[in-house]
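Me: I would like to go through the labels attached to this structure and hear the reasoning behind each. Please set each value against its cut-off.

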Amino acid sequence: MTDAAPAPPPAAEAERLRILIAPDPLLRRKTRLVGPGDAATVRDLVPRMLATMYRAPGIGLAAPQVGMALRLAVIDLQPEERREPLVLVNPEIVAASAETETREEGCLSLPDQYADVTRPRAVTVRFEGLDGMRREIAAEGLLARCLQHEIDHLEGVLFIDRISSLRRGIILRRLAKAQREKAQA
């Protein structure tokens with residue numbers, strides 16, 4: 001994204017956002033492409049999303065999870081405990097390996113709920129950076145999984161949509177019970 005907006009504050013100083021919890025209907029909406037008129041909104045939103053993700057703690061967060069229907073996500077696997085955020089504006093998967101792998105996934109919008117999910121082992125993702133430049137990243141392993149998970153959010157898809165309906169029902173009932181108990185506390 002390019003514009004004359006001042007630089008955003010560092011993520012550590014930015015205001016945190018409220019993470020939506022399933023079954024919030026906003027999590028099921030497809031997002032719209034980020035356009036030139038969204039530059040100021042994105043520059044304001046990114047540090048807040050990063051602060052929210054780090055505080056949660058998580059390794060990825062998509063705009064719909066904080067109530068914004070924009071095609072925007074942030075990821076930071078924090079290798080060796082160093083922050084190396086990746087900001088993805090209008091990301092799209094342009095290639096995926098035929099080889100798959102199954103790993104446990106969780107989601108900030110489904111707190112404390114996990115399930116084994118099978119996904120392509122490697123993907124190539126095309127996106128724009130905050131500077132508006134088009135980029136492409138080839139990833140495998142955890143980064144590939146995280147990219148797919150966050151791009152799913154931009155399509156209104158949750159990781160529980162990629163598991164059996166029986167397992168999905170168990171997770172949603174467990175989540176609803178935990179949320180009721182939290183509200184009563």
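Me: How many salt bridges does a search of the whole structure find?

Reply: The search finds 17 salt bridges in this predicted model. One of them joins the side chains of Glu155 and Lys30. This pair links distant parts of the chain, 125 residues apart. Glu155 is in the loop between helix 2 and helix 3 (165-184), and Lys30 is in the segment before helix 1 (39-55).

Me: What makes the contact of Glu155 and Lys30 a salt bridge?

Reply: The N to O distance is 3.1 Å. The cut-off is within 4 Å, between a side-chain nitrogen of Lys or Arg and a carboxyl oxygen of Asp or Glu, so the pair of Glu155 and Lys30 qualifies at 3.1 Å.

Me: Why is Lys30 called exposed, and why is Glu155 called partly exposed?

Reply: Lys30 has 59% relative accessibility. Exposed means over 50%, so Lys30 counts as exposed. Glu155 is at 29%; partly exposed lies between 20% and 50%, so that label applies to Glu155.

Me: How do you know that Glu84 and Arg82 form a salt bridge, and what are their relative accessible areas?

Reply: Their side chains meet at 2.7 Å, N to O, and the limit is 4 Å, so the pair counts. Glu84 has a relative accessible area of 40% and Arg82 has 41%. Both values fall between 20% and 50%, so Glu84 and Arg82 are partly exposed.

Me: Why is Glu128 called buried, and which residue forms a salt bridge with Glu128?

Reply: Buried means under 20%; Glu128 has 18% relative accessibility, so Glu128 is buried. Its partner is Arg134, with the closest N and O atoms 3.6 Å apart. Arg134 is partly exposed at 43%. Elsewhere, salt bridges that share partners join Glu105, Arg119, Arg145, Asp152 and Arg162 into one network.

Me: What is the nearest side chain of opposite charge to Glu150, and how far away is it?

Reply: That side chain is Arg119, 8.5 Å from Glu150. A salt bridge needs a distance within 4 Å, so Glu150 has none, although Glu150 is buried. Beyond four places in sequence, Glu150 touches Gly60, Leu61, Ala62, Gln65, Ala73 and Ile75.

Me: Where does Glu150 lie, and how many residues of that helix are buried?

Reply: Glu150 lies in helix 2 (residues 141-154). Twelve of the 14 residues of helix 2 are buried, and the helix is mostly covered. Among the buried ones are Arg145, Glu150 and Asp152.

Me: How do you know that the span of helix 2 agrees with its number of residues?

Reply: At 1.5 Å a residue, the 14 residues of helix 2 should span 20 Å. The end C-alpha atoms are 21 Å apart, which agrees. Helix 2 is followed by Gly156, whose phi is positive, near 80°.

Me: What makes strand 4 and strand 5 a pair?

Reply: Pairing needs at least two bridges; strand 4 (residues 100-107) and strand 5 (residues 110-120) have eight, so they pair, in the antiparallel sense. The two strands form a hairpin with two residues between them. Thr102 stands opposite Thr118 in strand 5.

Me: What is the mean pLDDT of the protein chain, and where does pLDDT stay under 50?

Reply: The mean is 92, and 93% of the residues reach 70 or more. pLDDT stays under 50 over residues 1-9, for which the model has 23 contacts beyond four places in sequence.

Definitions and conventions
Residues numbered from 1 in each chain as written. Heavy atoms only, no water. Helix = DSSP H or I, 4+ residues; strand = E, 2+ residues; numbered from the N terminus. Buried < 20%, exposed > 50% of the residue type's maximum accessible area, 1.4 Å probe, protein only. Lys, Arg positive; Asp, Glu negative; His and termini not counted. Contact = heavy atoms within 4.5 Å. pLDDT = per-residue confidence, 0-100. Expected span 1.5 Å × (residues − 1).
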